[in-house]
Every structure is written in structure tokens, then in C-alpha cells.
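Have the structure open and your selection tool ready. We will go from stop to stop, each time with something to select and something to look at.

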Amino acid sequence: MGLVQAISKQNAEQLKQKAQQLAQQMLTPDDKPLNVMLEGSPGTGKTSLAIAMIDYIRHQGYRWGYIKHPDGAEKYKRYVDVFFLATDEMLELVYHSMDGDTQARNQLQRVVKFAKAADVLVLDDFGTEGGMKGTIRPVHKTMQELMYDINNARFGKKYTIITTNNTVEELRAMYNVKLISRLIPTNAEHTLNFNGLTDVRSKML
């Protein structure tokens, strides 16, 4: 194994451990909600790690549910509700809805509803809807409004995992600054940087 491969493997292992620690923070309903961002070059395993995190959370964690009775509400444990959303696919639904596609409009409404309600939401490839390096442009107004609506419903209440190939500066050029400032983690410990990695697509947790 060459030096570059050894360093990449070591970095991947560190990311795995850090991701597991963050996933563990999301396991119970009493934890303070947080956002996690996985950033870096395409093909380095960000999506694979995000999926591993939500699988781990879904199987190891729980949330409280309530059954209403005439004499009060009964509390019970339920499975964690997770939702995986590819933002470029959501943008396609936006375009089709604007073209009068009723099925796309109904599906878009369901996507927004599920994204708001999920205990843990993954926004996968966030930023691809605004272009790649050298072609960065503002995201369509309707998409911006929907993303803000989703984030506003979740802010301070639920967990969000973001994977992106873009830098924070590029995301600010695509989206309203207010959205980005609330969506992107301010705590450096909640950002996992994949730049420099070659392949971490194997099972992570």
C-alpha cells in the first residue's frame, strides 16, 4: 500500500468514527437537534456514509409516540422516521409541476410533507441543482421557497444530514443566505470533509 492510499484509508476510518459519534447523538428523542454536513469531491462515499448513518439511527434509536385517550395521552416508543431526498430529483418535480404535470405536483407535495416531518432527513447532493464548479447559478425561486419551507419547519426541532459536492460559498451563491446560514452547521465538529479521499463506499457503520 502506497503512502497516499494509507493516508486515505486512515482519513476514511476517522470519518467513519466521527459519523458514528454523530449518529449516536441522534438516537434518542431527548438529544438537542443538530445538522451534519458531509462535503467534498464526488465519488468519495458521502452518500454511502449518510445512508449508513440513517440505517444505524433507524435500527438503534427511537422516538416517542402518543395515543390519545379520553383520560389523557399514552406514551410509547416508536421507530425513528427517516427520509432520503435527492435535491436534484426534487428540482425535476418542481419543473414538471410548473409544466402542469398533476402527478408530479402531487408527488412534490408528498415529498415536502415527508421532508418536514421526518425525524432525520438526508438532503443528498445538495447544491447540484445550482450547478457544478464553473457553472454556479441561483436555484429556481420555487425550489428555494420549498427548501426554506422545509428547513423552517425542521429548524431547532429535527435532525438533517446534508451531502454536497459544493463549498459553503458556492451554496450561498445558489440559495438565500438566510437558508444556508440556518442549514449549514456552525459547529466544525458537525462537518465531515471528504476532500482528498479516493474511495470510502464500503459499509461504514
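Start with Asp 125, which sits in the loop between S5 and H5. The model you are looking at is predicted. Asp 125 is not a glycine, yet it has a positive phi of about 55°. Is Asp 125 buried, partly exposed or exposed? Its relative accessibility is 23%, so it counts as partly exposed.

**Along H5**

Next, select H5 and check its length. At 1.5 Å a residue, its 14 residues should span 20 Å, and the end C-alpha atoms are indeed 20 Å apart, so the two agree. Now colour the buried residues of H5: Met 143, Gln 144, Leu 146, Met 147, Ile 150, Asn 151 and Arg 154. Turn the view to look down the helix axis: these buried residues fall within an arc of 165°, so they line one face of H5. As background, an α-helix has 3.6 residues a turn, so residues three or four places apart point the same way.

**Into the cavity**

Keep H5 on screen and turn on a cavity display. Rolling a probe the size of a water molecule over the atoms shows where empty space is left. How many cavities of 30 Å³ or more does the structure hold? There is one, and the space in the largest cavity is about 40 Å³. To see its walls, select Leu 121, Leu 123, Met 147, Ile 150, Asn 151, Arg 154, Thr 160, Leu 179 and Leu 183. Strand S5 (120-124), H5 and H7 are the elements that give two or more residues to this lining. H5 gives the most, with four residues. Sorted by class, the cavity lining has six nonpolar, two polar and one charged residues.

**The largest pocket**

Now switch to the largest pocket, with a volume of about 310 Å³. It has 18 lining residues; to centre your view, pick Pro 33, Leu 34, Asn 35, Phe 155 and Arg 182, which lie nearest its centre. Helix H5 (141-154) and helix H7 (177-183) are the elements that each supply two or more residues to the pocket lining. Which element gives the most here? That is H7, with three residues. By class, the pocket lining has six nonpolar, eight polar and four charged residues.

**Over to H3**

Select residues 87-98, which form helix H3. Its twelve residues should span 16 Å at 1.5 Å a residue, and the end C-alpha atoms are 17 Å apart, which agrees. Highlight Thr 87, Met 90, Leu 91, Leu 93, Val 94 and Ser 97, which are buried in H3. They cover an arc of only 155° around the axis, which puts them on the same side of H3.

**Two last residues**

Move to Phe 84 in strand S4 (residues 82-86). Phe 84 counts as partly exposed because its relative accessibility is 35%. Add Ala 50 to the selection: it is 34 residues away from Phe 84 along the chain, and the two C-alpha atoms are separated by 9.3 Å.

Finish at Thr 44, in the loop between strand S1 (35-39) and helix H2 (46-60). Thr 44 has a relative accessibility of 3%, so it counts as buried. Which backbone atom lies 2.7 Å from a polar atom of the Thr 44 side chain? Select Ser 41 as well: the atom is its backbone oxygen.

Definitions and conventions: Residues numbered from 1 in each chain as written. Predicted model: local features only at pLDDT ≥ 70, side-chain atom pairs only at ≥ 80, totals over all residues. Heavy atoms only, no water. Buried < 20%, exposed > 50% of the residue type's maximum accessible area, 1.4 Å probe, protein only. Polar contact = N/O pair within 3.5 Å; in protein donor to acceptor, adjacent residues only side chain to side chain. 1 Å grid on protein atoms, 1.4 Å probe; cavity = no way out; pocket = protein on both sides within 12 Å on 5 of 7 lines; lining within 4 Å. Points joined across faces, edges and corners; volume = space filled by probe spheres on them. Nonpolar A, V, L, I, M, F, W, Y, C, P; charged D, E, K, R; others polar. Expected span 1.5 Å × (residues − 1). Arc of directions from axis to C-beta.
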